[in-house]
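The exercises below are meant to be worked with the coordinates open, and each task is followed by a solution that goes step by step. Please try each task before reading its solution.

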Number of protein chains: 2
Amino acid sequence: MRQELERLKELSLAEHLARLHRRWRTVAEIELAPLGLTYPRWTALWKLLRLGDKVSQKVLANALEIELPSLMRTLGQLEEQGLIERHCCDKDKRARIVALTPAGKETLKTIETRIIQVRMDLLEGISPTELNEFERIISLITDNANQKLAKITSTDL
Amino acid sequence: MRQELERLKELSLAEHLARLHRRWRTVAEIELAPLGLTYPRWTALWKLLRLGDKVSQKVLANALEIELPSLMRTLGQLEEQGLIERHCCDKDKRARIVALTPAGKETLKTIETRIIQVRMDLLEGISPTELNEFERIISLITDNANQKLAKITSTDL
DNA sequence: AGAATATAGTTAGCAAGCTAAGTATTGTAC
DNA sequence: GTACAATACTTAGCTTGCTAACTATATTCT
């Protein structure tokens with residue numbers, strides 16, 4: 001009986017995780033929408049600044065923890081909005097270097113306080129210790145998943 | 001300086017959460033794919049069983065923490081596969097009652113051990129106490145997000 | 001009872017992640 | 001130095017979440 005309840009709970013974990021992910025995104029989206037920025041767009045901008053403004057698309061995708069094709073669409077939109085530029089790279093002609101435009105930097109300044117406010121609101125009532133622990137468990141489960149994925153794909157050969 | 005680092009970390013939290021969500025789904029998907037079941041399909045089947053087999057679409061959507069239109073597509077696929085049926089409800093002619101077919105029940109038996117195995121693998125190395133704490137923080141952030149959403153949408157009126 | 005509102009379901013179409021497959025360039029191994 | 005492998009990008013198309021707008025039924029308020 002207790003075992004049955006545990007099973008139920010464990011199934012819910014994945015669902016709760018999914019729900020939290022969607023809600024977080026929705027909140028962030030609503031806050032930044034008036035500026036014409038969706039969630040993937042402003043996280044890309046933000047991350048680009050943190051990485052030092054001029055990086056390859058590959059590096060940016062890795063930092064954002066998404067695949068290159070997923071990033072492509074977003075960068076296309078940001079380019080159209082005039083917030084970023086994509087240059088050729090002299091050292092590696094395959095690569096394209098992404099850089100913030102002046103307009104992009106200006107926009108980032110405007111949204112910074114909003115982004116920080118959203119985070120503070122969502123993490124209200126959680127101590128730094130709890131947050132660290134939370135991050136640790138996320139990493140642990142992610143590692144487990146990655147290991148399992150590696151095992152599965154290798155045996156598929 | 002330290003404050004700057006904290007900000008970086010907090011931005012990452014949302015991304016780590018998103019990544020974990022995608023990895024979890026991917027692992028589950030690969031394990032169940034040979035049976036013709038994607039993640040939303042088998043979670044719907046599973047949840048349906050836990051809810052007692054005969055419930056309205058609305059109730060099932062709530063339990064799965066997704067919106068009705070999202071569920072519709074999945075139920076359509078499961079119906080086509082002959083794993084569920086949708087009946088009219090006598091008491092409320094708007095509602096449609098979802099029920100497992102014998103084939104659906106049979107399939108559930110087959111996948112049950114696999115589902116439980118995936119969960120155990122992903123949660124390996126995490127104590128029940130840690131897991132409870134993890135769930136608690138998820139709920140807390142989700143509540144914060146919901147409150148913020150409620151506030152935003154109400155002031156929009 | 002009749003009008004206004006709310007609810008369950010449905011349809012249509014958007015968003016943003018993914019994989020698979022293709023191209024151009026680079027790096028590596030004889 | 002030439003052939004093979006790996007890398008960075010791109011394109012095309014799938015998936016499954018969502019919201020908006022619609023219908024049919026149920027509920028609530030005078």
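**Exercise 1. In which sense do strand E1 (residues 55-56) of chain A and E3(A) run, and how many bridges join them? Then assemble the sheet of chain A.**

Step 1. In this predicted model, strand E1 (residues 55-56) of chain A and E3(A) run antiparallel and are joined by two bridges. To locate the register, take A:Val55, whose bridge partner in E3(A) is A:Val98.

Step 2. Turn next to strand E2 (residues 84-88) of chain A, which pairs with E3(A) in the antiparallel sense over five bridges. Within this pairing, A:Ile84 has A:Leu100 as its bridge partner in E3(A), while A:Arg86 stands opposite A:Val98.

Step 3. Combining the pairings gives an open sheet of three strands of chain A in the order E1-E3-E2, with antiparallel pairing. The edge strands are E1 and E2 of chain A, each of which pairs on one side only.

Step 4. When following side chains along such an element, recall that in a regular strand they alternate between the two faces of the sheet.

Step 5. Finally, consider the covering of strand E3 (residues 96-100) of chain A, where four of the five residues are buried, so that the strand is mostly covered.

**Exercise 2. How many helices and how many strands does chain A have, and in what pattern do they follow along the sequence?**

Step 1. The secondary structure of chain A comes to six helices and three strands.

Step 2. Reading along the sequence, one meets these elements of chain A in the pattern α-α-β-α-α-β-β-α-α.

Step 3. As for burial, chain A has 157 residues, of which 46% are buried.

**Exercise 3. Why is strand E3 (residues 96-100) of chain B largely enclosed by the rest of the structure? Describe its pairings as well.**

Step 1. Strand E3 (residues 96-100) of chain B is largely enclosed by the rest of the structure because four of its five residues are buried.

Step 2. Strand E1 (residues 55-56) of chain B pairs with E3(B) in the antiparallel sense over two bridges, and B:Val55 finds its bridge partner there in B:Val98.

Step 3. Strand E2 (residues 84-88) of chain B also runs antiparallel to E3(B), to which it is joined by five bridges; in E3(B), B:Ile97 is the residue opposite B:His87.

**Exercise 4. Which side chain of opposite charge is nearest to A:Arg41, and how far away is it?**

Step 1. Begin with the location: A:Arg41 belongs to helix H2 (residues 39-50) of chain A.

Step 2. A:Arg41 is buried and has no salt bridge, and the nearest side chain of opposite charge is that of A:Glu80, 8.2 Å away. For the comparison, the cut-off for a salt bridge is 4 Å between a side-chain nitrogen of Lys or Arg and a carboxyl oxygen of Asp or Glu.

Step 3. A polar atom of the side chain of A:Arg41 does, however, lie 3.3 Å from the backbone oxygen of A:Gly36.

**Exercise 5. Which residues come nearest to DNA strand C, and which are the closest to DNA strand D?**

Step 1. Around DNA strand C there are 24 residues, of which A:Ser70, B:Gln57, B:Lys58, B:Arg94 and B:Arg96 come nearest. Sugar or phosphate supplies 67% of the atoms of DNA strand C within 4 Å of the protein, and bases supply the rest.

Step 2. A polar backbone atom of B:Lys58 is 2.5 Å from a phosphate oxygen of DNA strand C, whereas a polar side-chain atom of B:Arg22 lies 3.3 Å from a sugar or linking oxygen of this strand. Helix H1 (2-32) and H4 of chain A, together with helix H3 (57-64) and H4 of chain B, each give two or more residues to the surface near DNA strand C.

Step 3. DNA strand D is likewise surrounded by 24 residues, the closest being A:Gln57, A:Lys58, A:Arg94, A:Arg96 and B:Ser70. Sugar and phosphate make up 65% of the atoms of DNA strand D that come within 4 Å of the protein.

Step 4. Among the contacts of DNA strand D, a phosphate oxygen lies 2.4 Å from a polar side-chain atom of B:Ser70, and a sugar or linking oxygen is 3.3 Å from an N or O atom in the side chain of A:Arg22.

Step 5. Sorted by class, the surface near DNA strand D has 13 charged, seven nonpolar and four polar residues.

How values were computed: Residues are numbered from 1 along each chain as its sequence is written. Chains are lettered from A and ligands numbered from 1 in the order in which they are written. This is a predicted model: local features need pLDDT of at least 70, side-chain atom pairs count only at pLDDT 80 or more; totals for chains, interfaces and linings use all residues. Side-chain values use heavy atoms; hydrogens and water are left out. A residue is near a molecule or strand if one of its heavy atoms lies within 4 Å of it. A polar contact is a pair of N or O atoms within 3.5 Å; within protein, one must be able to donate a hydrogen and the other to accept it, and residues adjacent in sequence count only if both atoms are side-chain atoms. Ala, Val, Leu, Ile, Met, Phe, Trp, Tyr, Cys and Pro count as nonpolar, Asp, Glu, Lys and Arg as charged, and the others, Gly among them, as polar. Buried means under 20% relative accessible area, exposed over 50%, partly exposed in between (1.4 Å probe, protein chains only). Two strands pair if DSSP finds at least two bridges between them. Lys and Arg count as positive and Asp and Glu as negative; His and the chain ends are not counted.
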